[in-house]
Amino acid sequence: MNWKLFFQRDLKFAKKLKRLHHSNAILFLLLSITGLLLVSASFRSTFPATRVWIKYLHIWIGLISILPVFFYLPKFTKHLPTLRKRKDHRINLYLVLSILIILIISGVILSFPEAVTPVISSNALLIHDVATWIGIPYVIYHSITRSQWFKNLLKNSKTIENEEPIVIRKSNPFVGRRTFLKFAAGGITAIISVGLLGNWIRSYLPSWSDVSRTLSKENDMKPRPEPQHDVLSVDGRQGTFRYYTVTETPTFSNENWSLSIEGLVDNKMHFNWQQFLDLKRTAQLSDFHCVTGWSVYDVTWEGIPLKELLDSAGIHSAAKYVKFSSGDGVYTEALSLEQALADDIMVAVLIDGELIKQENGGPVRLVTPKHYAYKSVKWLTKIELLDHEHIGYWVERGYDQNALVNK
Ligand SMILES: Nc1nc2c(c(=O)[nH]1)N[C@H]1C(S)=C(S)[C@@H](COP(=O)(O)O)O[C@H]1N2
Ligand SMILES: [Mo]
């Protein structure tokens, strides 16, 4: 990297291109690092608050990374004659430009989830993911094969090959050193990428997450609830949950689980598992949208409508907000009383006819179909009526209080 380029004026054309190339490389590196931190589950749970400014950093660097592309495009016609002579440079340029443009467009869409429908953001997320997992390995490969170190290796091998008599080369059963080196570079890139790629592909394969589920600990609730309703979709839910938690995943049993309704109500309520299962449940079919772009469609949730629970507790006239707390001891969210009384807000016990899995927020989670899933508190244990607004976990970290899904 030639840092001086950044401080020089009146550069020749070739140097200007080089400077653009350097800027692009630095920005891509920063975006890869911040982007990988954003998708890393362990980072999400260890440094949840940091994740928010990393997100803004990623968005801002992403916006700045439009600049090199923007400055390059007018230079393209002048660059073209040189490019015509170098096929590998041409292929590289077209590939990198398309990947960058795809990343920039999908990235801009993902930065404004409230402005688009969930179908658009989930496609933008898929495209952003695919372009990342093609882009990062390619850029690693590109950096290896274009590095001075690698070029020196090639140069040495060239002189060796040239010295060899033709006869020997023809009968040589092994590939030439140049080809071998390129394959080796490709191989190293592949090994680095497969580790990263694997995690991403796994998030799309339900069977894989099933394996990890049987390995992980489970809630121990007795008895298991019998479904009171049929699953409302023919094929079950479509899509896969990406399990998120900002804490360790808590484990529950009949001993440590309870649900209470407190605050501005006439009679405070407290349910143990058996008492909670004795309540009459309804079922609803709804879609589940995370604000980061992924969705699960046609989920059948069975549980108790929040409105029924609140009505039986008796809502004080001073109550304006409902606060929901998780049994993880950290996560809270809130809805206005009006939002909370909507008929699709549910305290759910079953998903597609089965007890909600521990990682999925079971035994009991809040379901908020008109709102982004950060309102859908997992491991729900406390519902509180308040006369003042409560700022929940992600709202405190910059997300919108209403979290309305744009449908
Ligand atoms: N207790 C708790 N509830 C939570 C979260 C969390 O980290 N902890 N994450 C929220 C977010 S941002 C999303 S997208 C969904 C994810 O639900 P899932 O983990 O079942 O896929 O849970 C929501 N509820
Ligand atoms: Mo989310």
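**Close-ups around strand 5 and the core**

**View 1. Strand 5 and its partner strand 10.** Strand 5 and strand 10 (residues 380-386) run antiparallel to each other, paired over six bridges. This is a predicted model, so take the views below in that spirit. To get your bearings in this pair, look for Lys-323, which sits opposite Glu-384 in strand 10.

**View 2. Strand 5 and its other partner, strand 6.** Here strand 5 pairs with strand 6 (residues 332-336), again in the antiparallel sense, over five bridges. Ser-325 faces Thr-332 of strand 6 across the pairing. The two strands make a hairpin, with five residues between them. In that turn, check out Gly-329: its phi is positive, at about 85°.

**View 3. The two sides of strand 5.** Side chains in a regular strand alternate between the two faces of the sheet. On strand 5, Tyr-321, Lys-323 and Ser-325 point one way, while Val-322, Phe-324 and Ser-326 point the other. Whichever way they point, all of these are buried. That's six of the six residues in strand 5 (residues 321-326), so the strand counts as mostly covered.

**View 4. Inside the largest nonpolar core.** This core takes in 47 residues, and Val-322, Met-346, Val-347, Ala-348 and Leu-380 have the most contacts inside it. The biggest giver is strand 7 (residues 346-351), which chips in six residues.

**View 5. Zooming in on Val-347.** Skip the neighbours within four places in sequence, and Val-347 is in contact with Gly-303, Ile-304, Leu-306 and Leu-309. Val-364, Leu-366 and Leu-380 are on its contact list too.

Terms used: Residues numbered from 1 in each chain as written. Chains lettered and ligands numbered in written order. Predicted model: local features only at pLDDT ≥ 70, side-chain atom pairs only at ≥ 80, totals over all residues. Core = buried A, V, L, I, M, F, W, Y, C linked by C-beta atoms within 7 Å. Buried ≥ 20, exposed ≤ 12 C-beta atoms within 10 Å, placed from the backbone. Helix = DSSP H or I, 4+ residues; strand = E, 2+ residues; numbered from the N terminus. Contact = placed C-beta atoms within 7 Å. Pairing = 2+ DSSP bridges.
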